[in-house]
Amino acid sequence: MTDRPSPRISSRKQPRQARSNELVAAILQAAVQVLAKEGAGRFTTARVAEKAGVSVGSVYQYFPNKAAILFRLQSDEWRQTTDLLRDILADVARPPLDRLRTLVHAFVRSECEEAGMRVALSDAAPLYRDAPEAQEVRAAGGDIVRDFMREALPMATDAVRDLAGDLIKTTLSQVGKAFSETPRTAVEIAAYADAMADMFGAYLDRLERGPA
């Protein structure tokens, strides 16, 4: 049985002039608005073009299909998360657990502020999640977390560090998404983030001390 080929999700070409950059920015801004209003199920290239005030042909100059537009929105979000990881976790002037607490607060707050868009992009994930480009972007933050775990758990084995890093990333992503599905106050967000940071801190402390 032959695997179904992944859809093409790379941009057709990269904008090089200011006018082209403005066109792509207008298309992406319109895509955000259409996705927020219509959801992934009713998201179409035609609706994006109409919202952006351009022809469908203009959209196709840069994006071969709707999956490419959605992937661009998702990859931009993934890159923002990677930048967040790097800016906070790579700050070696601060103790590792302080950095982790700051990251948890920033991540949970970001999840709540952008909950609607993240849910819509999650619904659209089947259109692009198996494409090689998507796998490359998702893997971009792996080295940042591994470097941080070497600092946080200097006495642990690589296997233990990898497990801890994967568990923290997965918990942040899944629990943060579930928490953000309900509107939250700033006080609720801070309390929840503190509790999660306490949990991660206790877990890393136990791993560093080793088996009882």
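**Close-up views of an all-helix chain**

**Figure 1. The whole chain, before zooming in.** Of the 212 residues here, 39% count as buried. Keep in mind that this is a predicted model. The secondary structure comes to 10 helices and 0 strands, so reading from the N terminus you get α-α-α-α-α-α-α-α-α-α. Take the contacts between residues at least 6 apart in sequence: 70% of them join residues at least 24 apart.

**Figure 2. How sure the predictor is, and the start of the chain.** The average pLDDT of the chain is 85, and 86% of the residues score at least 70. Residues 1-6 are another matter, with pLDDT below 50 and 3 contacts in the model beyond near neighbours in sequence. Where pLDDT is low, don't read the predicted coordinates in detail.

**Figure 3. Helix H4 against helix H6.** Here H4 (residues 66-89) packs on H6 (residues 115-124) at an angle of about 125°, and the axes are 10 Å apart. Angles between 115 and 145 degrees count as oblique, which is why H4 and H6 are called oblique to each other. The crossing of H4 past H6 is left-handed. On the H4 side, look for Leu70, Leu73, Gln74 and Glu77; H6 brings Arg118, Leu121 and Ala124 to the contact. Sorted by class, that gives 4 nonpolar, 1 polar and 2 charged residues.

**Figure 4. Helix H5 crossing helix H10.** The axes of H5 (residues 96-113) and H10 (residues 186-209) come within 9 Å and cross at roughly 140°. This crossing is right-handed. H5 puts Leu97, Leu100, Arg101, Val104, His105, Val108, Arg109 and Cys112 into the contact, and H10 answers with Ile189, Ala190, Ala193, Asp194, Met196, Ala197, Asp198, Phe200, Gly201 and Leu204. By class, the contact of H5 with H10 has 12 nonpolar, 2 polar and 4 charged residues.

**Figure 5. Helix H8 on helix H9.** H8 and H9 (residues 158-180) pack at about 120°, with 9 Å between their axes. With that angle, H8 and H9 are therefore oblique to each other. H8 passes H9 in a right-handed crossing. The H8 residues in the contact are Gly142, Val145, Arg146, Met149 and Arg150, while H9 supplies Arg161, Asp162, Ala164, Gly165, Ile168 and Lys169. Split by class, the H8 and H9 contact residues are 4 nonpolar, 2 polar and 5 charged.

**Figure 6. A closer look at Glu151.** Glu151 sits in helix H8 (residues 142-152). Its relative accessibility is 32%, so Glu151 counts as partly exposed. Leaving out residues up to four places away in sequence, Glu151 touches Leu89, Val92, Pro96 and Arg99. Pro95 is also worth finding in this view: Glu151 and Pro95 are 56 residues apart in sequence, yet 9.1 Å apart in space, C-alpha to C-alpha.

**Figure 7. Gly210, just past the last helix shown.** Gly210 lies in the segment after H10. Because its relative accessibility is 25%, Gly210 counts as partly exposed. If you trace from Gly210 to Ala156, you cover 54 residues along the chain, but their C-alpha atoms are separated by 7.8 Å.

Terms used:
Residues are numbered from 1 along each chain as its sequence is written. This is a predicted model: local features need pLDDT of at least 70, side-chain atom pairs count only at pLDDT 80 or more; totals for chains, interfaces and linings use all residues. Side-chain values use heavy atoms; hydrogens and water are left out. pLDDT is the predictor's confidence in each residue, from 0 to 100. Contact means heavy atoms within 4.5 Å. Axes are lines fitted to C-alpha atoms, for helices over the stretch in contact, and angles run from 0 to 180 degrees between N-to-C directions. Helices (H or I, at least four residues) and strands (E, at least two) are DSSP runs, numbered from the N terminus. Angles under 35 degrees count as roughly parallel, over 145 as roughly antiparallel, 65 to 115 as roughly perpendicular and the rest as oblique. A crossing is left-handed if the near helix is turned anticlockwise from the far one by less than a right angle, and right-handed if clockwise. Ala, Val, Leu, Ile, Met, Phe, Trp, Tyr, Cys and Pro count as nonpolar, Asp, Glu, Lys and Arg as charged, and the others, Gly among them, as polar. Buried means under 20% relative accessible area, exposed over 50%, partly exposed in between (1.4 Å probe, protein chains only).
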